[in-house]
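This report covers strand pairing first and salt bridges second. Please keep the structure in view while reading.

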Amino acid sequence: MTETYRPADRIAPIQPSVIRQFFDRGKGCINLGLGEPDFFTPRSIRDRAIEVLQTKKLPYTPNFGLWDLREKIAKQYSGATADNVLITAGSQEALFAVVLAFVNPGDEVLVSDPAFLAYPTLVQIASGVLSSYPMPAPRFAPDLKALQAKGSAKTRMLLVNTPSNPTGQILSRDQLQAMSELALKHQWLLVSDEIYQEVYFSQRPPSLWEISQEHIVISGFSKTYSMTGWRLGWIVGPEIALRRINLIHAYSVTCASTLSQRAALAAFTDEGDKEREDLRRQLEQRRDLMALLLQSQVGLPFVEPQGSFYFLLDISRFGNSMEVAERLLQAGVITIPGAAFGKNCEGYLRLSCSASEEDIEAGIAVIARTLRSE
Ligand SMILES: Cc1ncc(COP(=O)(O)O)c(C=O)c1O
């Protein structure tokens, strides 16, 4: 029987993510590990979904997605047209399709340390080789010299994420420019995961697309519109690249959900704009609340997000991040150990301010109490 279910070599070394393991064991705990806002999806999008369900059939859309939606998304990226947009089943599927479309076995993919924990696994599924470059604490800015030094004849792709999960930091225009120049010089495919682009607190982050239109940008509706379960994302890039990515996309998911695509058109209205801004402001309040409580109750150094939902709390004086997260889990609060994101994040816990205000208050109180009693 075990032979029947022998895993393919490409998945044999893969374990469920550390985040998933903490969630599974943290039933009934206060959840500050969450990577999604706990808001309802904006009313205009929900209303549109109900109307579509009642009045329209829901056949497949073209593989590339609904033309109208592609046009609306293209308008967000100066110089892009609908031909530069491919709609995917979330940005996760977009990442998967991009990596599988371009990475051959043995090709190196440059990824920062720390980084979103799906990246190394995606590289592994494609039988690529992960090549990490440092984004050292406490600023978590990319070390561009080290990045350049890491490049080799086997480098195929540079994958960046701004604003970053887990650091909350934003790549500046200059940093993006430097990465773009490096990628163009060495013919690396540069991919920017910008799923948190609309989740910012002071200045809207620059997009790689504003620097150069020869790279690939990935984003989606999940975080901006509290639509994680609708599974809707997109890729913006040169047409030739999208045609190749579409070979993986079309043969794996055919198209993104037709209902989600039709409903998401409502995001591109005045009402949708207002609702998006409202969600952003509510998140800003949660970020301010978390910062205040960490200062007043916990009293440890922390890195505050410029974008995305994530604080990094420096718990290094209490032990390693796995142990401390485990102790906090036993005390009733889920946090994510920094080690899950790479060795440069060891000594930190990732806390998400996308939880409700009550959960933020209760969770920080547990953290303060537990660490004080150490
Ligand atoms: C950096 C980053 N990229 C991509 C994703 C995937 O998001 P989705 O597939 O919901 O668009 C996430 C989700 O947490 C993320 O944090």
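Strand E5 (residues 155-161) is largely enclosed by the rest of the structure, because six of its seven residues are buried. The model is a predicted one.

**Strand pairing**

E5 pairs with strand E3 (residues 108-113) over four bridges, in the parallel sense. Glu108 has Thr155 in E5 as its bridge partner. E5 also runs parallel to strand E6 (residues 189-193), and five bridges join the two. Here Asn161 stands opposite Asp193 in E6. From E5 the chain passes through helix H7 (residues 173-186) to reach E6. This β-α-β crossover is right-handed.

**Salt bridges**

The count of salt bridges comes to 14. Three of the pairs are set out below, with the relative accessible area of each partner.

| Pair | N to O distance | Basic residue | Acidic residue |
|---|---|---|---|
| Arg204 and Glu198 | 2.5 Å | Arg204: 39%, partly exposed | Glu198: 18%, buried |
| Lys274 and Glu271 | 3.4 Å | Lys274: 56%, exposed | Glu271: 40%, partly exposed |
| Arg287 and Asp288 | 3.3 Å | Arg287: 12%, buried | Asp288: 41%, partly exposed |

Salt bridges with shared partners also join Glu277, Arg280 and Arg281 into one network.

Where do Lys274 and Glu271 lie? Both are in helix H11 (residues 270-298). They sit three residues apart, about one turn of the helix.

Is Glu198 buried or exposed? Glu198 counts as buried because its relative accessible area is 18%, and the cut-off for buried is under 20%. Its partner Arg204 is partly exposed.

How values were computed
Residues numbered from 1 in each chain as written. Predicted model: local features only at pLDDT ≥ 70, side-chain atom pairs only at ≥ 80, totals over all residues. Heavy atoms only, no water. Buried < 20%, exposed > 50% of the residue type's maximum accessible area, 1.4 Å probe, protein only. Pairing = 2+ DSSP bridges. Right-handed = clockwise from strand over helix to strand, strands pointing away. Salt bridge = Lys/Arg side-chain N within 4 Å of Asp/Glu carboxyl O.
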